[in-house]
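Biologist: Got a minute to look at a chain with me? I'd like to go through its core, its strands and a few odd spots.

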Amino acid sequence: LQLAVQRFGARDALTLDSIVVLASGSGDDSTEIASVRLAIDVNRDGLLDAGDTPLGAPATFAVDNGVVSFDALALALPPDASTQILVLLDIAASAVLGRTFSVRVEPSDVVVQGAEGRVPPRGTTAQGPLVTVVEGVPPTVSIDSPTNRIYEQGTTLQIFVTASDNV
């Protein structure tokens with residue numbers, strides 16, 4: 001999943017503090033997802049590349065269809081620009097073939113701080129594609145539909161951070 005956090009209209013510094021990732025699908029996220037990671041997509045291609053920067057520490061889902069919170073990110077958001085962030089799932093070697101996984105990020109689950117406190121983001125839900133575990137060593141995923149395949153290749157869903165000049 002690639003999402004963009006874009007800052008508009010704020011003169012003061014804004015910092016991305018946390019992101020909550022929600023899981024869904026037929027697979028058990030707590031046992032079949034080895035880890036969830038965030039990375040800054042430096043070249044904005046929607047893929048994890050050598051130049052991309054890890055953001056926060058890897059995490060795991062405690063329960064099926066659970067949530068993972070990436071806290072204390074302390075990522076400075078540049079003025080009038082977007083920061084592309086990848087949400088990465090590492091499929092466990094024990095993942096069951098045919099099971100599906102997806103993740104999403106709700107705008108209300110993105111915490112941005114300014115000089116006066118939390119800045120509420122606006123935008124739409126960033127919904128990742130539904131991926132299916134297929135045979136491989138280790139197991140890999142396939143994209144469920146042509147629409148999701150296009151998304152997988154780098155379509156960006158936006159989560160906007162808008163603040164007044166007073167923030």
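Modeller: Here is a short walk through the model, which is predicted.

Biologist: Start inside. How many residues are in the largest nonpolar core?

Modeller: That core has 33 residues. Those with the most contacts inside it are Leu-16, Ile-85, Val-87 and Val-105.

Biologist: Which strand gives the most to this core?

Modeller: Strand E2, residues 14-24, with 5 residues.

Biologist: And what does Ile-85 touch?

Modeller: Leaving out residues up to four places away in sequence, Ile-85 touches ten listed partners, including Leu-1, Leu-3, Val-5, Leu-16 and Ile-19. Leu-38, Ala-39, Leu-55 and Leu-75 are also among them. So is Gln-2.

Biologist: Let's go to Ser-18. Where does it sit?

Modeller: Ser-18 is in strand E2.

Biologist: Buried or exposed?

Modeller: Ser-18 is buried, because its relative accessible area is 7% and the cut-off for buried is under 20%.

Biologist: What does Ser-18 touch?

Modeller: Phe-70, Asp-71 and Leu-73 on one stretch of sequence, plus Asp-109, Val-110 and Val-111. Again, residues up to four places away in sequence are not counted.

Biologist: New topic, strand E3. How many of its residues are buried?

Modeller: E3 covers residues 33-40 and is mostly covered, with 6 of its 8 residues buried.

Biologist: Which strands does E3 pair with?

Modeller: E3 pairs with E7, residues 82-91, in the antiparallel sense over 7 bridges. E3 also pairs with E4, residues 53-59, antiparallel over 4 bridges.

Biologist: What stands opposite Arg-37 in E7?

Modeller: Leu-88.

Biologist: And opposite Leu-38 in E4? What's there?

Modeller: Leu-55 stands opposite Leu-38. Leu-38 and Leu-55 also both appear among the residues that Ile-85 touches.

Biologist: Now the backbone. Which residue in the loop between E3 and E4 should I look at?

Modeller: Arg-44 lies in that loop. Its phi is near 60°, a positive value in a residue other than glycine.

Biologist: How accessible is Arg-44?

Modeller: Arg-44 is partly exposed, with a relative accessible area of 43%.

Biologist: What about the loop between E5 and E6?

Modeller: Ala-72 lies there, between strand E5 at 67-70 and strand E6 at 75-77. Phi of Ala-72 is near 55°, also positive in a residue other than glycine.

Biologist: Why does Ala-72 count as exposed?

Modeller: Because Ala-72 has 63% relative accessibility, and exposed means over 50%.

Key:
Residues are numbered from 1 along each chain as its sequence is written. This is a predicted model: local features need pLDDT of at least 70, side-chain atom pairs count only at pLDDT 80 or more; totals for chains, interfaces and linings use all residues. Side-chain values use heavy atoms; hydrogens and water are left out. A nonpolar core is a set of buried Ala, Val, Leu, Ile, Met, Phe, Trp, Tyr and Cys residues joined through side-chain atoms within 4.5 Å. Buried means under 20% relative accessible area, exposed over 50%, partly exposed in between (1.4 Å probe, protein chains only). Helices (H or I, at least four residues) and strands (E, at least two) are DSSP runs, numbered from the N terminus. Contact means heavy atoms within 4.5 Å. Two strands pair if DSSP finds at least two bridges between them.
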